[in-house]
Amino acid sequence: MRLSDEFPVDHRLAQVYRYGAGLCGVILLVFGCLGFADALSPFGTDGDTIAGMSTNGALSVLSVVVAVILIAGAVIGGNVASTVNMVVGGLFVISGFYHVFVLDRPGNFLDFGMTNVVFSFLMGLLIACFGMYGRVTSRLPHDNPYWRRRHPREAAAAAARASRRPAVDGNALVSGASGPLSRPQPK
């Protein structure tokens, strides 16, 4: 069994994953392209800023590469977009932690400042939340495709109960029906 077999393919949450990946990808693409427009030095740490964040050519290239990955995930959609969002979001958070420790040190080759670190944390959490929406929680509703996939017996029993429910015509129930909504039958 592969990990991708665990998740349903067709569900309404796919739009959340797709739009989230696309939105965050476009934001990063704009940031990277603005860095290219300023013709920044590849590994310069002289404090060039774009949109309030320090940057260099390497960070612009990395931003465009990550943007393309997110946009590709958005185009593919579904579980791929969700997984891409979770992985990229996690990498952004890890990058934020790394750069907190290398601020003003030689290991800061992407010229991160504190605003970049905060952006990395916020963007990482946003992207990861888009990927985990409706997929990761302890109390998924029973109509959620992830819950149904993880609990096939309970989902089959719920579907069987739903198929046996009485037909409702306006406010009147079909006679002879039994269930929580039926009226008691005269004896």
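A helix here is a DSSP run of H or I at least four residues long, and helices are numbered from the N terminus. With that in hand, S82 can be placed: this residue sits in helix α3. Keep in mind throughout that the model is predicted.

**View 1. The whole protein, before zooming in.** Start with the parts list: six helices and four strands make up the secondary structure of the protein. Read from the N terminus, the order of the elements is α-β-β-α-α-α-α-α-β-β. The protein has 187 residues, and 37% of them are buried. Now take the contacts in the protein whose separation is 6 or more: 66% of these link residues 24 or more positions apart. As for the outside, the protein exposes about 11600 Å², with 65% of that coming from carbon and sulfur atoms.

**View 2. Helix α1 against helix α2.** Here α1 covers residues 14-37 and α2 covers residues 57-76. Their axes lie 7 Å apart, and the packing angle is about 155 degrees. Angles over 145 degrees count as roughly antiparallel, so α1 is roughly antiparallel to α2. The crossing of α1 past α2 is left-handed. What kinds of residues make up the contact of α1 with α2? Sorted by class, there are 18 nonpolar, seven polar and one charged.

**View 3. Helix α2 against helix α3.** Slide along to the packing of α2 with α3, where the angle is about 155 degrees and the axes are 7 Å apart. These helices are therefore roughly antiparallel to each other. α2 passes α3 in a left-handed crossing. If you want to find the meeting place, look on the α2 side for V66, I69, L70, G73 and I76. Across from them, α3 brings G78, V80, A81, V84, N85, V88 and F92. This contact of α2 with α3 has nine nonpolar residues, three polar ones and no charged ones.

**View 4. Helix α1 against helix α4.** Helix α4 spans residues 114-132, and its axis is 8 Å from that of α1. The angle between α1 and α4 is about 155 degrees, which makes α1 roughly antiparallel to α4. Their crossing is left-handed. From α1, the residues making the contact are V16, Y17, G20, C24, I27 and L28. From α4 come F119, M123, L126, I127, F130 and G131. Split by class, the contact of α1 with α4 has 10 nonpolar and two polar residues, and no charged ones.

**View 5. Close-up on F92 in helix α3.** The helix that holds F92, α3, runs over residues 78-102. Is F92 buried or exposed? Buried means under 20% relative accessible area, and F92 comes in at 13%, so F92 counts as buried. Which residues does F92 touch, leaving aside neighbours within four places in sequence? The partners are L28, V66, S120, M123, G124 and I127. Take I127 as an example: F92 and I127 are 35 residues apart in sequence, and their C-alpha atoms are 8.8 Å apart in space.

**View 6. Close-up on S82, also in helix α3.** How much relative accessible area does S82 have? The value for S82 is 0%, so this residue is buried. Setting aside neighbours within four places in sequence, S82 is in contact with Y17, G131 and R135. You have already met some of these names: Y17 of α1 and G131 of α4 are among the residues in the contact of View 4.

Notes: Residues are numbered from 1 along each chain as its sequence is written. This is a predicted model: local features need pLDDT of at least 70, side-chain atom pairs count only at pLDDT 80 or more; totals for chains, interfaces and linings use all residues. Side-chain values use heavy atoms; hydrogens and water are left out. Helices (H or I, at least four residues) and strands (E, at least two) are DSSP runs, numbered from the N terminus. Buried means under 20% relative accessible area, exposed over 50%, partly exposed in between (1.4 Å probe, protein chains only). Contact means heavy atoms within 4.5 Å. Accessible areas come from the Shrake-Rupley method with a 1.4 Å probe; for residues, only the protein chains shown count as cover. Axes are lines fitted to C-alpha atoms, for helices over the stretch in contact, and angles run from 0 to 180 degrees between N-to-C directions. Angles under 35 degrees count as roughly parallel, over 145 as roughly antiparallel, 65 to 115 as roughly perpendicular and the rest as oblique. A crossing is left-handed if the near helix is turned anticlockwise from the far one by less than a right angle, and right-handed if clockwise. Ala, Val, Leu, Ile, Met, Phe, Trp, Tyr, Cys and Pro count as nonpolar, Asp, Glu, Lys and Arg as charged, and the others, Gly among them, as polar.
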